[in-house]
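Grab a pencil and have a look at the chain below. Each exercise comes with a worked solution, so try it yourself before reading on.

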Amino acid sequence: MVLPFTEFRKVKDNLPPGSMKRIADSLHLDEQTVRNYFGGSDYRRGKSAGVHFEKGPNGGFVRIEDETIFNAAKQIIQETQKAG
């Protein structure tokens, strides 16, 4: 999946507090790996999660190899919107 960086960032920015831990716990990942997925860079504690940032106009593009974390984030956002 390839999408504009602004769209990818919008998903991260719309996650409620505690979402990184919730995603990590549900997918049995280290929380820092989830943070790295969304742009973090602490690879001593977390791993790379198959997301590549490509520079370009308007922030560039994001190439996602594995959509599991991204889909979990979108699910949390949907749940939050329904509850609110």
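**Exercise 1. Which residues of α2 are buried?**

Before starting, keep in mind that this is a predicted model.

Step 1. Go through helix α2, which covers residues 19-27, and pick out the buried residues: S19, M20, I23 and A24.

Step 2. Now look down the axis. These residues cover an arc of only 135°, which puts them on the same side of α2. That fits a general rule: an α-helix has 3.6 residues a turn, so residues three or four places apart point the same way.

Step 3. Find out what lies over that side. The cover includes α1 (5-13), α3 (31-37) and α4 (68-83).

Step 4. Check the end of the helix. Just after α2, H28 takes a positive phi of about 60°.

**Exercise 2. Work out how K21 should be classed by its accessibility.**

Step 1. Locate the residue: K21 is found in helix α2.

Step 2. Read its relative accessible area, which is 44%.

Step 3. Compare with the cut-offs: buried is under 20% and exposed is over 50%. With 44%, K21 is therefore partly exposed.

Step 4. For a sense of distance, go from K21 to N58. They are 37 residues apart in sequence, and their C-alpha atoms are 29 Å apart in space.

**Exercise 3. Describe the aromatic pairs that F8 makes with Y37 and F70.**

Step 1. Start with the total: the structure holds six aromatic pairs.

Step 2. Take F8 and Y37. Their ring centres are 6.0 Å apart and the planes meet at 50°, so this pair is tilted. F8 sits in helix α1 and Y37 in helix α3, 29 residues apart, and the pair links these distant parts of the chain.

Step 3. Check how hidden these two are. F8 is buried, with a relative accessible area of 1%, and Y37 also counts as buried at 1%.

Step 4. Move on to F8 and F70. This pair is stacked, with 6.0 Å centre to centre and 10° between the planes. Since F8 lies in helix α1 and F70 in helix α4, the pair ties together parts that are 62 residues apart in sequence. F70 is buried too, at 2% relative accessible area.

Step 5. Put the rings together: F5, F8, Y37, F38, F53 and F70 form one aromatic cluster.

**Exercise 4. Find the residues with the most contacts inside the largest nonpolar core.**

Step 1. This core has 20 residues, and the ones with the most contacts inside it are F8, Y37 and F38.

Step 2. Ask which elements give two or more residues to the core: α1, α2, α3, β3 (61-64) and α4. The largest share, six residues, comes from α4.

Step 3. Zoom in on F38. Leaving aside its neighbours within four places in sequence, F38 touches F8, R9, V11, K12, L15, M20, I69 and A73.

**Exercise 5. Sort the side chains of β3 by face, then find the strands that pair with β3.**

Step 1. V62 and I64 point to one face and are buried, while F61 and R63 point to the other and are not. This alternation is what a regular strand shows in general.

Step 2. Look for partners. Strand β1 (residues 2-4) pairs with β3 in the antiparallel sense over three bridges, with P4 opposite F61.

Step 3. Strand β2 (residues 51-54) is antiparallel to β3 as well, over four bridges. Here F61 is the bridge partner of E54.

Step 4. Inspect the hairpin of β2 and β3. There are six residues between the strands, and N58 takes a positive phi near 55°.

**Exercise 6. Test the length of α4 and decide where its buried residues point.**

Step 1. At 1.5 Å a residue, the 16 residues of α4 should span 22 Å; the end C-alpha atoms are 23 Å apart, which agrees.

Step 2. List the buried residues of α4: I69, F70, A72, A73, I76 and I77. Seen down the axis, they fall within an arc of 165°, so they line one face of the helix.

Step 3. Turn the helix over. The face away from the buried side carries the exposed residues Q81 and K82.

Step 4. Finally, see what the buried residues of α4 pack against: β1, α1, α2, α3 and β3.

Definitions and conventions. Residues numbered from 1 in each chain as written. Predicted model: local features only at pLDDT ≥ 70, side-chain atom pairs only at ≥ 80, totals over all residues. Heavy atoms only, no water. Buried < 20%, exposed > 50% of the residue type's maximum accessible area, 1.4 Å probe, protein only. Arc of directions from axis to C-beta. Contact = heavy atoms within 4.5 Å. Phe/Tyr/Trp six-rings, centres within 6.5 Å; stacked < 30°, edge-to-face > 60°. Core = buried A, V, L, I, M, F, W, Y, C linked by side-chain atoms within 4.5 Å. Pairing = 2+ DSSP bridges. Expected span 1.5 Å × (residues − 1).
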